Amino acid sequence: MATAEPAIVAGAHEPRGVAGWLTTVDHKRIGILYVVTAVGFFIISGLLSLLMRAELAQPGLQVVNESTYNQLFTMHGTGMMFLFATPLVAGLANYFVPLHVGAPDVAFPRLNALTYWLYVLGGVVVFSGFLTASGAAAFGWTGYAPLSEATYSPGAGVDLWIIGLILVGTSSILGAVNLMATIFGMRAPGMTMFRLPIFTWNIIVTLTLIMFSFPVLTAALAALFIDRNLGGGFFDPTQGGDPILWQHLFWFFGHPEVYIVILPFFGVITEIIPVFSRKPLFGYRGFVFATLLIGAYSFSVWAHHMFTTGSVNNPFFSAMTMLIAVPTGVKFFSWIATMWRGKLTFPTPMLFAMGFLFMFLIGGITGIFVASPPIDYAVHDTYYVVAHMHYVLFGGTVFASFAAFYYWIPKMSGRMMGERLGKLHFWLMLIGFNLTFFPMHQMGLNGMQRRVADYPAESGLEVLNAVSTAGSGIVALSIAVFLFNLFVSMKRGASAGDDPWQANTLEWATSSPPPHHNFKRLPPIRSERPVFDARHTGPADG
Amino acid sequence: MVLTTSCAPQGSTSQGREISSLYDIFLWIAAGVFLVTAGLIAWSIIRYRAKPGDDDLPEQFHQNLKLEVTWFAIPQILVVVLFVLSAFALNEVNEESPEPDAVVDVTGFQWGWRFTYDGSGKEVVGTPQEPAKVLVPVGNVSFVLTSADVVHSFYVPDFLIKRDAVPGRDTRIDVNVDAGVYDGVCAEFCGLLHARMPFTIEAVSQEAFQQWLQEPPEGVARGDG
Ligand code: HEM
Ligand SMILES: [Cu+2]
Ligand SMILES: [Cu+2]
């Protein structure tokens, strides 16, 4: 169905001001709400990690005690994964998918508002654990049973963690259905599947992963809740339950989850690189194929998180995990070939995209190491893994998020972000990030296990940890620069115009910010670069 | 940059050495992959930077099937090679010795380790205040692991191996240990004092080990043999 008006003409007359934002069903406003809330959780979870780094700066306990430290890393991980990265995807997709497909809104605007508010509610419930007498959940974002059972982790904080995550998960599932319906049901005339922007293709695969993996997490959380409150015994070996079952369920969700928070950002990078190379994406179809392959493989690798349990088929999961590197490699070569013989410029979005390429490359390579069971026997649950995962999640997701922000905020707000501050932000973050996380490889190889508030003195770990903590301060500074830049630019930034980057995809064919229901008039869509075609008015493909 | 991660410990078990040399192979290949890929990116950034004032479009090429098949195939071959190397190492590392020189039963609990020795009645229990110190003979030692409560993980960094201790089941690692004193920790997060579960294993001659086994229990054992 290709239509100019959504089924429900919802939100055409929204109240002004705060009330308008609170009651909005407009996909662009909901998108902005998602992004702002997600960044809020990024800052909160980031502050928790600064406390951890402060504690780890030297051996001994100086800043927090063990009990607090355990809550900190649990809530840092939970906040970053469930309340920052995943909802940020929902936010960007909400804003840009309808624009990318040339639709006036999402398929179900009211459902869209519901998913946002479920997410907010879930996030508040998760974090309210800090207010309970026994504190927040303190068993890691992975919630391994039986540690997460009532015997070992009594207290309401854990139940709030479970309930909050069920709410957030439900929100993700409903949001996925909504966006999927939008992409398949509301594309503009001429927008065939193979003309969709790659960002939107990556979102399709991401939504599929959400729809298959989040229900499993929800079921596992419900079972844990039953165990804790109704004597279920699913994961309790003393009642015939199985702690390993929890790990299977959690990682059957957990591994696709890491692709849920990276694939959309592959998409972002793939939008940005062609624009600033002034060339089409090299190997569009190959790229789509690689994305589908990653999506399919990602459901067959989960037990690589369980190599040391002695309960899984290590060679099988190792083989599948290494295979998944291949389509990822294809993407790298596509990006390089897109830049090859182009005319490259490096405004802030492109700088962050380049940062992403280098940082994610390192994270991807250490991923092959931990995919080898013998190597994993050595480095599993050490700081090596903490390093690997942050090169992927921070070097990947966060660098690409900032690329997306600098690229798209002009569209969302109508104002350009400051370039000088943007570049300062980039270089500070690049340096701070590497100082924080690169030494962690060596800490792990030296045997420092993760999730510890303290480590022995004279273990050769002091210098590495001190450097890492200093680096985290620089990262924090870089984020402050970003917030300052955002504040100043939203007040006084240069006007963006419709298409400040000379870009390719439909969001640039309308005003900044786009009007209600997005487009006054759509350009003809004859390739995956309709705006490029319109600008160069020649035949659709060169 | 990648090279600075090469300082992997050598390993004090034959299994650890196996892992360490596998790590080194991976590292060389990884360094190659990193240099080629990062080099191509860096080259593009430097070489294809737009000249100021040059507004012409560069050539708009879209695809090249041969090239794309090649860059699918090369990594595919590479990961098969890495998988095979790692699978061989895995077999060696996982191999259980049919007649170990000692079998040590290890039980993790919140927060310490209990070591018992098959058929000798010897038992050493460590606590956060007084971590366990135990002896094993140089040679093939089997550790049979379980847990009394939550999941723990038995990890001796110098062995380059860890294995989870899971309540309700036994897991096992077999290592061929060199003489020496080795510190261990719990690697799987297990609650409040997870960081306070260290233990020490000293590998000594079979005679010294047997003599230690005969010693009457006296609370926490002396670790000096
Ligand atoms: C300023 C930036 C950050 C710093 C300094 C930081 C620091 C840390 C540290 C030190 C740990 C290990 C704690 C421990 O094992 O004791 C950790 C764990 C973790 N981090 Fe970060 N991190 C940052 C950003 C991020 C981001 C952006 C993400 C995800 C998008 C993330 C996701 C995680 C996860 C999932 C864990 C595992 C938590 C667990 O063990 O349960 N972090 N972080
Ligand atoms: Cu995984
Ligand atoms: Cu433990």
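I call a residue buried under 20% relative accessible area, exposed over 50%, and partly exposed in between, using a 1.4 Å probe and the protein chains only. B:Cys190, at 0% relative accessibility, therefore counts as buried. B:Cys186 also has 0% relative accessibility, so I list B:Cys186 as buried.

**Ground rules.** The model is predicted, so I keep local features at pLDDT of at least 70 and side-chain atom pairs at pLDDT 80 or more, while totals for chains, interfaces and linings use all residues. Residues are numbered from 1 along each chain as its sequence is written, chains are lettered from A and ligands numbered from 1 in the order written, and side-chain values use heavy atoms, without hydrogens or water.

**Copper, chain B.** I looked up what holds the copper ion (ligand 3). B:His152 (ND1), B:Cys186 (SG), B:Cys190 (SG) and B:Met197 (SD) coordinate it at 2.1 to 2.5 Å. Donors here are N, O and S atoms within 2.8 Å of the metal (3.2 Å for Na, K and Ca); water is not among the atoms, so sites may look incomplete. Along the chain the donors follow H-x33-C-x3-C-x6-M. B:His152 lies in strand 6 (residues 152-156) of chain B, and B:Met197 in the loop between strand 9 (180-186) and strand 10 (199-204), so this pair ties together parts 45 residues apart in sequence. Helices (H or I, at least four residues) and strands (E, at least two) are DSSP runs, numbered from the N terminus. Both B:His152 and B:Met197 are buried.

Why do I enter the arrangement around the copper ion (ligand 3) as tetrahedral? Because its four donor atoms subtend angles of 93 to 123°. Four donors pass as tetrahedral if all angles lie between 85 and 135 degrees; four are square planar and six octahedral if opposite donors are over 155 degrees apart and all others between 65 and 115; anything else is irregular.

**Iron, chain A.** For the iron atom of ligand 1, the protein donors are A:His76 (NE2) and A:His390 (NE2), 2.0 Å from it. The pair links distant parts of the chain: A:His76 sits in helix 3 (residues 66-101) and A:His390 in helix 14 (residues 383-413) of chain A, 314 residues apart. The site has six donor atoms, with angles of 87 to 180°, and is octahedral. I find A:His76 and A:His390 buried.

**Disulfides.** How many disulfides are there over all chains? I count zero, taking a disulfide as a pair of cysteine sulfur atoms within 2.5 Å.
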